[in-house]
Amino acid sequence: MLQSHRSDKLQSACFLISKQTAQASREMRQSNRSKNPASAPRKKAESFITGEPGSHAAGIQPDPGKKKSFADNKSLHVETRSDAFKDVTDAEIGNTALIRCRNLERVAGFRRFYLKFEGQNPTGTQKDRIAFAQVQDALRKNFETVTLATCGNYGAAMAFACSMAGLRCIIHIPETYHTARTREMTDLGAELVRVYGDYEKSVEISRAFAAERDCYDANPGDMNTALQLRAYQEIAFEIHDALQNAPGYVAVPVSNGTTLAGIYQGFLSLYRKGKTSRIPKMVAGSSYGKNPVISAFQKKLARCADLGPDQIRETPVNEPLINWHSLDGNQALDSIRRSCGWGGYASDQSMLRFARLMRDKEGLNVLPASTAGLIAFLDLHTKRRLPSGCCVIVITGRK
Ligand SMILES: Cc1ncc(COP(=O)(O)O)c(C=O)c1O
């Protein structure tokens with residue numbers, strides 16, 4: 001009762017935005033557009049984006065520091081900023097290591113285990129890939145402010161991406177979440193709005209905020225799904241480049257399902273182009289009883305069904321994975337089914353245990369929640385005694 005009263009108060013605070021303010025913001029964006037029409041001649045500084053004027057060779061080596069100073073320079077043409085931001089993205093995002101884990105293989109009794117170590121992204125998770133893709137889109141559309149909801153990792157990634165592009169970043173985060181990443185977000189200049197409610201409520205408020213204030217809505221799902229799936233396809237392309245083949249299995253920690261569905265889409269595209277002879281079986285892992293994708297898979301439902309919000313209890317370990325409504329859940333469920341994959345749960349205890357194992361056996365400091373895919377794969381291996389093959393586990397660093 002108290003919760004819902006406080007929630008109403010917060011919502012009215014968020015929604016009490018006069019029409020004038022929203023209108024003013026819309027007008028400002030339009031006026032920025034007219035100051036920066038696509039047809040306007042670009043400023044001379046643009047020639048430095050690819051190195052010294054006239055020097056192609058200099059342009060081949062990106063200099064992220066220099067590019068950033070163009071990307072976040074509001075006096076430059078929007079296309080110039082957007083080009084510079086693209087260069088920063090190419091230089092800094094993705095291209096993460098694929099690491100063979102011989103000691104994990106010995107423990108698990110499986111022949112070829114690789115980790116796709118997304119911890120090498122600047123803020124330590126694969127979320128940098130979608131944050132940079134969304135900010136590129138926001139820049140191109142001439143927005144000055146981005147809003148989103150987060151449990152932690154996406155917020156840190158978006159705060160970083162916005163700081164590189166000189167955009168304002170407003171992050172909605174459930175009040176009860178423990179993530180230590182809020183400090184990082186504010187240090188990067190993001191503004192936090194604590195929401196009295198869960199992640200789904202935070203998404204709802206962030207979306208309404210975007211509509212009211214004419215801000216860029218970077219939340220997963222809806223019209224952002226296609227762009228985010230494309231950003232995550234790159235993970236599949238990088239795995240394929242490194243192995244020169246598609247692995248038999250790819251195991252992924254799942255919350256909204258976007259990462260898993262994007263990787264599947266990437267392999268599907270490679271297969272259709274004739275670059276691989278197979279599509280990996282997609283294995284999804286998530287927090288015990290707290291994810292609609294795994295629940296629908298295990299109950300053999302045709303589509304994801306929302307769980308009861310009361311069923312969801314966050315802990316410092318499971319926070320990145322839990323939700324009662326997965327925003328890209330059906331895409332993930334289809335990817336698991338079409339690839340003849342599997343979905344399994346992981347308890348907090350097992351995620352902590354496997355994070356310790358990765359540290360002790362492989363010397364890697366990983367985020368416990370990110371071991372959920374590995375745990376689901378090993379569960380499948382125990383049940384089915386899989387013939388040895390090649391399995392890639394998507395995993396992230398601990399921040
Ligand atoms: C580290 C980590 N792994 C996996 C996920 C799940 O990703 P998705 O929401 O794309 O399923 C998250 C979500 O926040 C995450 O932070």
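In the predicted model, strand β10 pairs with β7 in the parallel sense through three bridges, and within this pairing Y249 has C391 of β10 as its bridge partner. Strand β10 also pairs with β2, again in the parallel sense, over six bridges; here L115 is matched with I393 of β10. Strand β10 is mostly covered, five of its six residues being buried.

These pairings belong to an open sheet of six strands, arranged in the order β1-β2-β10-β7-β8-β9 with mixed pairing. Strands β1 and β9 (342-346) form the edges, each pairing on one side only. From one strand to the next, the twist averages 25°. Beyond β10 in this order, β7 (residues 249-253) is joined to β8 (residues 281-287) by five bridges, and the two strands run parallel. Within this pair, P253 stands opposite G285 of β8.

Two helices that pack against these strands may be described next. Helix α12 lies across β7, β8 and β10, and its direction makes about 155° with β7. Helix α14 (residues 329-338) packs on the sheet as well, where it touches β8 and β9; the angle between the directions of α14 and β8 is about 135°.

Helix α11 (residues 225-243) comprises 19 residues, and its length can be checked against the expected rise. At 1.5 Å a residue, α11 should span 27 Å, and the distance of 28 Å between its end C-alpha atoms therefore agrees with expectation. Just after α11, Q244 adopts a positive phi of about 60°. Within the helix, the buried residues are Q228, L229, A231, Y232, Q233, I235, A236 and I239. The elements that cover these buried positions include the strands β1 (98-100), β2 (112-117) and β10 (390-395), together with the helices α7 (127-140) and α12 (258-272).

The packing of α11 was examined against two of these covering helices, α12 and α7. Two packed helices are described by the angle between their axes and the distance between the axes. For α11 and α12, the angle is about 60° and the axes are 7 Å apart. Because angles of 65 to 115 degrees count as roughly perpendicular and those under 35 degrees as roughly parallel, α11 is classed as oblique to α12. The crossing of α11 and α12 is right-handed. On the α11 side, the contact is made by Q228, L229, A231, Y232, Q233, E234, I235, A236, F237 and H240. On the α12 side, the contributing residues are T258, T259, A261, G262, I263, Q265, G266, F267, S269 and L270.

Helix α7 packs against α11 at an angle of about 130°, with 9 Å between the axes. Since angles over 145 degrees count as roughly antiparallel and those of 65 to 115 as roughly perpendicular, α7 and α11 are likewise oblique to each other. The crossing of α7 with α11 is right-handed. In this contact, R129, I130, A133, Q134 and D137 of α7 meet L227, Q228, A231, Y232 and E234 of α11. Residues Q228, A231, Y232 and E234 of α11 thus take part in the contact with α7 and also in that with α12. Among these residues, Q228, A231 and Y232 are buried.

Notes. Residues are numbered from 1 along each chain as its sequence is written. This is a predicted model: local features need pLDDT of at least 70, side-chain atom pairs count only at pLDDT 80 or more; totals for chains, interfaces and linings use all residues. Helices (H or I, at least four residues) and strands (E, at least two) are DSSP runs, numbered from the N terminus. The expected span of a helix is 1.5 Å times one less than its number of residues. A residue is buried if 20 or more other C-beta atoms lie within 10 Å of its own, exposed if 12 or fewer, and partly exposed in between; C-beta atoms are placed from the backbone. Two residues are in contact if their C-beta atoms, placed from the backbone, lie within 7 Å. Two strands pair if DSSP finds at least two bridges between them. Axes are lines fitted to C-alpha atoms, for helices over the stretch in contact, and angles run from 0 to 180 degrees between N-to-C directions. A crossing is left-handed if the near helix is turned anticlockwise from the far one by less than a right angle, and right-handed if clockwise.
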